[in-house]
Amino acid sequence: AASSHPALAADYPTKPVRIIVPFPAGAAADGSTRAIARKLSEDWGKPVIVDNRPGIPGMQAAANAPADGYTLVLGSGASMVTSPLTMPNLPYSPQKDFAPVSLGVTNPPILTTHPSLGVKSVKELIALARSKPGALNYSSSGTAGPFHLGMELFMAMTGTSMVHVPYKGGAPAVADLIGGQVQLGFNTIPTVMPHVKAGKLTPIGVGTARRARAAPDLPSISETVPGFDYSIWYGYFAPARTPATIVNKVSADIARALAEPDVVQQLQGSEPAPTTPQELARYIREDTARWAKVVKERNLKVE
């Protein structure tokens with residue numbers, strides 16, 4: 001069987017390929033995957049179908065799919081790193097059930113405040129939060145979700161204490177931030193930038209270690225808090241035991257797709273970040289070690 005794998009990779013794909021996206025249609029992660037899928041379909045001469053199956057059921061479906069290269073799944077920092085750390089009964093194992101293929105895109109998160117708070121920089125926010133422990137409220141799209149964890153990391157590194165107000169999804173979290181029911185929160189740049197331009201939210205900083213391409217004039221939080229580095233990432237995985245030759249071919253083809261200017265233009269503010277399978281595996285190990293420390297120190301669990 002092993003000797004037939006190179007031939008399988010050379011012929012691959014011979015039929016439609018399915019990419020399971022565990023997010024609703026229209027989400028930023030869905031949009032970037034559809035842009036990549038269209039390019040792969042052109043290159044392969046076979047349909048690449050995006051199959052939206054939100055949440056854990058989507059990850060389970062991918063884990064249980066045949067390991068033949070015809071089912072891929074869009075994984076994220078949440079599904080592959082932080083959910084396993086905060087949800088003891090998660091019905092899939094990122095390490096056992098999936099083979100890394102390639103990192104896809106990163107979404108630099110942006111920290112914004114309601115204008116009524118009166119702060120316009122990370123330094124001012126830290127000073128205010130330290131002077132009034134527990135007085136400021138921040139929103140997130142859910143307990144132990146990426147935006148909650150980003151704020152937990154921020155508080156741990158700045159010695160501040162703020163109150164978490166979780167919502168069932170990003171839309172209501174942003175709506176109440178705009179309405180002033182909460183004072184601040186992390187979100188993706190494409191989600192909040194229209195509200196920033198309209199003067200409804202004040203941008204404080206981006207979470208990534210470097211400034212974001214989509215907002216080059218906005219300082220990185222790390223410029224005030226050295227070492228702060230928080231990014232939303234999405235990558236592609238195959239079921240475990242998928243032949244390595246097929247995994248490597250898909251990885252290389254995703255990298256070529258993400259190098260195409262027309263694909264980059266469709267990423268909605270996300271930044272292309274393709275990797276080899278080995279680089280993605282190392283990235284996940286490092287991300288897991290970093291967030292495991294935060295989860296333990298902050299005692300973050302989802303019952």
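Here is a short walk through the structure above, from the whole chain down to one pair of strands. Keep in mind that this is a predicted model.

Let's begin with the overall build. The protein chain contains 12 helices and 11 strands. Its radius of gyration is 20 Å, close to the 19 Å that the globule rule gives for 303 residues, so the chain is as compact as a globular protein of that length. If you drew a box around the C-alpha atoms along the principal axes, the box would span roughly 65 × 40 × 30 Å.

Now think about what is inside and what is outside. Of the 303 residues in the protein chain, 51% count as buried; here, buried means under 20% relative accessible area. The accessible surface of the chain adds up to about 13,300 Å², and carbon and sulfur atoms make up 54% of that surface. As for charge, the chain carries 28 positive and 22 negative side chains, with the centres of the two sets 4 Å apart.

How do parts of the sequence meet? Among contacts in the protein chain with a separation of 6 or more, 77% join residues that are 24 or more positions apart.

Strand S1 lets you look at one piece up close. It covers residues 17-21, and 4 of its 5 residues are buried, so to speak of it as mostly covered is fair by the under 20% cut-off. Which way does S1 run beside strand S2, residues 48-52: parallel or antiparallel? The two strands pair in the parallel sense, over 5 bridges. Within this pairing, arginine 18 has isoleucine 49 of S2 as its bridge partner.

Methods: Residues numbered from 1 in each chain as written. Predicted model: local features only at pLDDT ≥ 70, side-chain atom pairs only at ≥ 80, totals over all residues. Heavy atoms only, no water. Helix = DSSP H or I, 4+ residues; strand = E, 2+ residues; numbered from the N terminus. Rg over C-alpha atoms; globule rule 2.2 N^0.38 Å. Buried < 20%, exposed > 50% of the residue type's maximum accessible area, 1.4 Å probe, protein only. Contact = heavy atoms within 4.5 Å. Areas by Shrake-Rupley, 256 points an atom, 1.4 Å probe, with all protein chains shown as cover. Lys, Arg positive; Asp, Glu negative; His and termini not counted. Charge placed at Lys NZ, Arg CZ, Asp CG, Glu CD. Pairing = 2+ DSSP bridges.
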